[in-house]
Amino acid sequence: METTTIEQFIDDLEQVQHKLLNLFSQKRVALRTAKTTELQALAKSEEGLVQQMRLLLSRRQGLLQQAELDGNSAESLLEIVENANSPTDRRLIQRILNARERTAKLRFEGWIHWIIANRAYKHQTEVLDLIANGGKQSPTYGRNTERKTAGGAIFDASI
């Protein structure tokens, strides 16, 4: 397999990753400031980029399958380039490693978004519960208060 095919793939991957990183930073600001209309617009853009990532994933799988047909049964594009052992491929190896780092940043940013959204949901649920009960605790919170447990349901057979 020619490394130019992998290089073209990395070019496309880098473009999508940079767009996603930019979008994710905008999304974090919109989440923190609760700008729902901006979040909706960003969600539409994100859907398109996610679709592009799915296509890239499919292309990557095709590249790995082609490499296997060519006799190089590698599990990653990095392995394919390393096995080619060409001095010009050192730059490509670094680009692949940089793409991995961006993937880790995207994953981390996704976790941040999930945490923000989850905390906002919990806060909204608590506020709605207070409103529904006239500012008092829900009656379900006070049931069986005399029965205290010191562990989770898995470890405490009395529950």
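This is a short walk through the structure, one selection at a time.

**Start with the whole chain**

Keep in mind that you're looking at a predicted model. Show the chain as a cartoon: you'll find four helices and zero strands. From the N terminus on, the order is simply α-α-α-α. The chain has 159 residues, and 26% of them count as buried. If you take the contacts with a separation of 6 or more, 56% come from residues 24 or more positions apart.

**Select α1 and α3**

Now pick residues 3-33 for α1 and residues 77-84 for α3. Their axes come within 11 Å and cross at roughly 145°, and the crossing is left-handed. Turn on the side chains where they meet: on the α1 side look for Thr3, Ile6 and Phe9, and on the α3 side for Leu77, Ile80, Val81 and Ala84. What kinds of residues make up this contact of α1 with α3? Six are nonpolar, one is polar and none is charged.

**Light up the core**

Several of those side chains lead you into the next stop. The largest nonpolar core has 25 residues, and the ones touching the most other members are Ile6, Phe9, Ile10, Leu77, Ile80 and Ile96. Each of α1, α2, α3 and α4 gives at least two residues to this core. Which helix supplies the largest share? That's α1, with nine residues. As a general rule, nonpolar side chains in soluble globular proteins tend to be buried together.

Zoom in on Leu77 for a moment. Ignoring residues up to four places away in sequence, Leu77 touches Ile6, Phe9, Arg60, Leu63, Leu64 and Ile96.

**Stop at Ile10**

Next, select Ile10, which sits in α1. Is Ile10 buried or exposed? Its relative accessible area is 2%, so Ile10 is buried, given that the cut-off is under 20%. Look around it, skipping neighbours within four places in sequence, and you'll see contacts with Leu92, Arg95 and Ile96. Try a distance label too: Ile10 and Ala99 are 89 residues apart in sequence, yet their C-alpha atoms are 7.8 Å apart in space.

**Step over to Thr5**

Thr5 is also a residue of α1. With a relative accessible area of 33%, Thr5 is partly exposed. Draw a line from its C-alpha to that of Leu63: the two residues are 58 apart along the chain, and the line comes to 8.2 Å.

**Follow α2 from end to end**

Select residues 36-69 to get α2. How many residues does α2 have, and how far does it reach? There are 34 residues, and the helix reaches 49 Å from first C-alpha to last, close to the 50 Å expected at 1.5 Å a residue. Colour its buried residues: Leu42, Glu46, Leu49, Leu56, Leu63, Leu64 and Ala67. Among the things covering them are α1 and α3. Just after α2 ends, click on Gly71, which takes a positive phi of about 95°.

**Finish at Glu109**

For the last stop, go to α4, residues 89-132, and find Glu109 there. Buried or exposed? Glu109 comes out at 12% relative accessibility, so this residue counts as buried. Show what lies around it, leaving aside neighbours within four places in sequence: Glu109 is in contact with Phe24 and Arg28.

Technical notes. Residues numbered from 1 in each chain as written. Predicted model: local features only at pLDDT ≥ 70, side-chain atom pairs only at ≥ 80, totals over all residues. Heavy atoms only, no water. Axes fitted to C-alpha atoms, helices over the stretch in contact; angles between N-to-C directions. Left-handed = near helix turned anticlockwise from the far one by under 90°. Contact = heavy atoms within 4.5 Å. Nonpolar A, V, L, I, M, F, W, Y, C, P; charged D, E, K, R; others polar. Core = buried A, V, L, I, M, F, W, Y, C linked by side-chain atoms within 4.5 Å. Buried < 20%, exposed > 50% of the residue type's maximum accessible area, 1.4 Å probe, protein only. Expected span 1.5 Å × (residues − 1).
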